Amino acid sequence: MSAPRLPSLIVTASPHVRSADSTPRIMWSVVGSLVPVVAAGAWFFGVSALLVVLAASLGAVATERVFGRGGSLADGSAAITGLLLGLTLPPGMPLWMAALGGAFGIGFGKIVWGGLGQNVFNPALLGRAFLQSAFPVAITTWPTPGGSFWTLKGDLFAFPFTSPVSDAITSATPLGLLKFEGKATEALPLLLGTTGGSVGETAGLVILACGAYLAWKRHLNWRIPVSILATVALVSGVIHGIDPSRPDALFMLFSGGLMLGAVYMATDMVTSPVTNLGRWVFGAGVGVLVVVIRLWGGLPEGVMYAILFMNALVPFINRATQPRVFGTRLGSPS
Amino acid sequence: MPFPDTIVLPLRQHAGKPATLCVAVGDHVERGDPVGLADGFLSVPIHASAAGTVTDIGWWPHPDGTMAQAVRIAVDRYAPQLPRPRMVPAWQGLTPEQVVRAVQDAGVVGLGGAAFPTHVKLAPPKDHVVHTLIINGAECEPYLTSDHRTMVEYPERVLFGIRVMMHAMGVPRCVLGVERNKPDAIAALTEALPDDLDITVLPLTVKYPQGAEKMLIQAVTGVEVPSGKLPVHVGVVVQNVGSVAAIGEVFETGLPLIERIVTVSGHGLRKPANLIVPVGTLLRDLLAQCDGVTADAAEVIIGGPMMGQAQANLDAPVLKGTTGVVVLERHETRSAQVWPCIHCGRCLEACPVFLNPSLLGDLARVGHLDAMREHHLADCMLCGSCAYVCPSHIPLSQLFQSSKAALRRAAAGVA
């Protein structure tokens with residue numbers, strides 16, 4: 001019996017074991033799950049889609065590298081912001097604008113708040129909101145899907161601050177057609193994603209599948225997308241029932257950026273509620289606002305503003321939905 | 001395990017006041033002789049766990065990381081280690097007060113880890129009616145199996161201890177809560193159940209922290225103990241199954257609590273085992289008994305991996321409340337890297353008492369102690385569930401433990 005030899009002992013506070021998951025693992029898993037969505041965008045819009053996503057991502061990542069805390073690129077959150085922003089842009093958007101949007105999203109959407117975990121608004125959507133107000137024409141110029149993979153659409157290589165001279169064939173999005181021309185879109189192209197729109201928003205079924213995978217991995221909270229989609233379906237279904245000239249629930253669900261927003265934007269952990277009850281409330285709020293903006297607002301699409309508006313309410317939702325602490329049930333014996 | 005050469009008995013081994021010294025350097029003690037006496041009602045005596053000579057009385061490393069007054073005994077290698085002949089108390093004839101006194105004199109404390117003096121719980125305040133005695137056999141900490149072994153190997157002793165307690169407290173009903181993953185323990189206890197007492201064995205869901213007192217009461221009775229109140233407010237007293245077996249032993253042999261079952265486990269250990277260990281055995285002797293540690297062993301924890309205390313050296317002794325010793329290898333220890341809170345909410349889902357650890361963690365880092373108190377920091381039992389699930393690896397338990405200590409200091413300063 002000899003005394004055990006120990007080179008040096010590690011002393012940490014309890015718990016001494018922990019689950020294998022980590023924040024970078026969650027973030028990179030989200031990045032990985034976006035690959036099929038980007039691929040779908042490339043399938044519909046060709047290499048232009050890839051270039052737009054790449055430009056937005058570079059803008060976001062470079063800004064994080066320059067202004068972020070040391071090593072913060074490794075957590076993967078800047079890459080998500082860039083990818084998501086790129087997916088919300090038209091495939092023919094000038095690349096310098098996409099990159100500027102990524103830089104704005106990270107710089108003013110995240111870093112000025114204090115970096116990861118501190119921001120109130122979704123950085124990707126803030127970047128898009130900036131682009132929408134700065135370049136309202138470019139961000140609503142939708143190239144027609146199809147054509148050769150290598151066809152460059154729109155004004156991808158326009159120089160900064162020149163007036164784009166677009167000779168590309170453009171089309172309208174299903175929501176634009178509805179709002180400005182009163183035309184409906186067939187269900188099948190909507191489901192498949194062969195309509196006009198942003199790089200990554202048309203392939204609703206692909207986004208749903210990727211979201212289901214993330215939810216199964218517990219890397220996104222399923223309550224938020226379910227709450228948003230159910231609310232949109234319910235509210236628009238009721239309105240369609242009262243006034244059949246209004247779009248039906250299926251159209252509302254699969255048009256515009258709703259799928260991308262519900263699955264990937266609203267579920268951003270940093271800018272959504274921490275309580276499960278709060279997540280239901282948050283999702284319902286987004287859903288109602290989407291329908292209201294789409295049907296009665298001046299814009300054809302309302303997902304971005306709906307989510308940004310509800311982002312601002314998250315601290316209040318959190319406060320109002322705190323869990324009941326064990327042993328404080330009303331009417332318990334005291 | 002065989003008796004080691006040295007036994008170190010800290011006078012502070014239990015919740016409440018430390019024992020007062022009653023031996024001097026050079027004294028010879030027999031196995032079972034007191035070396036410290038109870039200091040008031042909320043205290044218990046400490047007994048020598050081996051015959052030998054007191055060689056030193058002074059500061060010695062305590063498993064909690066501090067130093068404590070301790071009695072060091074050089075064990076007499078040639079002593080037969082038989083306890084002095086002693087009276088075995090005949091429990092049937094004793095009044096409740098006498099049973100409480102006998103349990104206190106035997107130095108019995110909660111063997112589940114907290115080491116709260118057992119006799120105090122046997123004498124509940126007179127203005128409360130206790131209708132159910134709950135025996136905690138959940139043993140939810142990973143790795144630890146000492147209660148499990150107790151239930152499998154000494155079911156009669158456990159049930160005898162329950163009989164004495166029910167007699168002393170006048171409690172009509174007893175429930176033994178055992179996690180479902182210990183079917184052999186459930187079978188052994190069910191087999192040994194007496195016909196004349198209302199005792200049931202209740203299989204419990206396997207989850208951490210099922211063995212926490214308030215969780216167990218909720219699982220057994222469906223009632224939540226009100227925040228800030230004691231179990232007796234809902235008519236319940238909880239005892240750890242090891243403590244009950246210790247009471248059984250007191251009334252079988254008359255021996256005080258001088259040894260206990262300790263789980264020695266973990267990948268960093270060559271030969272994991274459950275051992276009957278004399279209280280006061282040093283960690284180094286205990287690990288040597290298990291053939292020592294592997295080359296990659298890096299962290300030695302007294303207690304379980306969720307709530308236990310990491311040791312800086314192997315000098316600390318096994319105490320009455322030492323449930324186990326876990327040795328982790330380097331790759332199992334947690335990294336020091338911490339990421340910012342991303343408000344994923346997993347800690348809220350994990351917290352057994354429904355706190356908001358994410359918010360409390362933010363408040364702790366900016367030192368808003370009053371706000372933490374308003375958000376029920378006092379209800380946190382430091383189970384570690386939040387820190388376990390946190391993907392950003394924020395040391396939430398540690399923040400809460402130090403905040404609780406800061407609040408206690410502030411309260412003491414005001415008073």
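Val66(A) comes out as exposed, because its relative accessibility is 60% and the cut-off for exposed is over 50%. Keep in mind that this is a predicted model. Where does Val66(A) lie? In helix 3 of chain A, residues 47-67. Take Ala55(A) as a reference point, 11 residues apart from Val66(A) along the chain. The two C-alpha atoms are separated by 16 Å.

Now a contrast, still in chain A. Thr195(A) sits in a loop, between helix 8 (187-192) and helix 9 (204-216). Buried or exposed? Thr195(A) has 11% relative accessibility, so it counts as buried. The cut-off there is under 20%. What does Thr195(A) touch, once residues up to four places away in sequence are set aside? Three prolines are on the list: Pro145(A), Pro174(A) and Pro189(A). Phe45(A), Thr185(A), Leu190(A) and Thr202(A) complete it.

Next, the cores. In general, nonpolar side chains of soluble globular proteins tend to be buried together. Here, the largest nonpolar core has 79 residues. Which members touch the most others? Leu87(A) and Tyr264(A). Helix 14 of chain A, residues 303-320, gives the most to this core, with 8 residues.

Let me stay with Leu87(A). Again I leave aside neighbours within four places in sequence. Leu87(A) is then in contact with Leu34(A), Val37(A), Val38(A) and Val53(A). Further along the chain, it contacts the run Ser198(A), Val199(A), Gly200(A) and Glu201(A). Leu260(A) is a contact as well. There is also a second, separate core, of 44 residues. Its members include Val44(B), Leu111(B), Val237(B) and Val241(B).

On to the interface. How many residues are in contact between chain A and chain B? On the chain A side 47, on the chain B side 64. The two chains bury about 5,000 Å² between them. Carbon and sulfur atoms carry 60% of that area. In chain A, the residues losing the most area to chain B are His16(A), Arg18(A) and Phe326(A). Together they make up 18% of what that side buries.

Polar terms next. The rule finds 20 residue pairs in polar contact across the interface of chain A and chain B. Helix 1 (23-33) and helix 13 (276-296) of chain A each supply at least two residues of the side that touches chain B. Helix 1 has the largest share of that side, 4 residues. By residue class, the chain A side divides into 21 nonpolar, 17 polar and 9 charged.

Then charge pairs. Side chains of opposite charge can pair when their charged atoms come close. How many salt bridges does the structure hold over all chains? The count is 22. Between chain A and chain B there are 4. Arg324(A) forms one with Glu224(B), with the closest N and O atoms 3.0 Å apart. There is also a network of salt bridges linking Arg218(A), Arg279(A) and Glu349(B).

Now three pairs inside chain B. The first is Asp105(B) with Arg101(B), closest N and O atoms 3.3 Å apart. Both lie in helix 1 of chain B, residues 96-105. They are 4 residues apart, about one turn of the helix. Asp105(B) has a relative accessible area of 39%, so it is partly exposed.

The next pair is Arg163(B) with Asp196(B), at 3.0 Å between the closest N and O atoms. This one links distant parts of the chain, 33 residues apart. Arg163(B) is in helix 4 (residues 155-169) of chain B. Asp196(B) is in the loop between helix 5 (183-192) and strand 10 (198-204). Arg163(B) is partly exposed at 23% relative accessible area, whereas Asp196(B) is exposed at 54%.

The last pair is Arg284(B) with Asp315(B), where the closest N and O atoms are 2.8 Å apart. Distant parts of the chain are linked here too, 31 residues apart. Arg284(B) belongs to helix 8 (residues 283-289) of chain B. Asp315(B) is in the loop between strand 15 (309-310) and strand 16 (324-329). Arg284(B) is partly exposed, at 27% relative accessible area. Asp315(B) is partly exposed as well, at 24%.

How values were computed: Residues numbered from 1 in each chain as written. Chains lettered and ligands numbered in written order. Predicted model: local features only at pLDDT ≥ 70, side-chain atom pairs only at ≥ 80, totals over all residues. Heavy atoms only, no water. Core = buried A, V, L, I, M, F, W, Y, C linked by side-chain atoms within 4.5 Å. Buried < 20%, exposed > 50% of the residue type's maximum accessible area, 1.4 Å probe, protein only. Contact = heavy atoms within 4.5 Å. Buried area = accessible area lost by both parts, 1.4 Å probe. Salt bridge = Lys/Arg side-chain N within 4 Å of Asp/Glu carboxyl O. Polar contact = N/O pair within 3.5 Å; in protein donor to acceptor, adjacent residues only side chain to side chain. Nonpolar A, V, L, I, M, F, W, Y, C, P; charged D, E, K, R; others polar.
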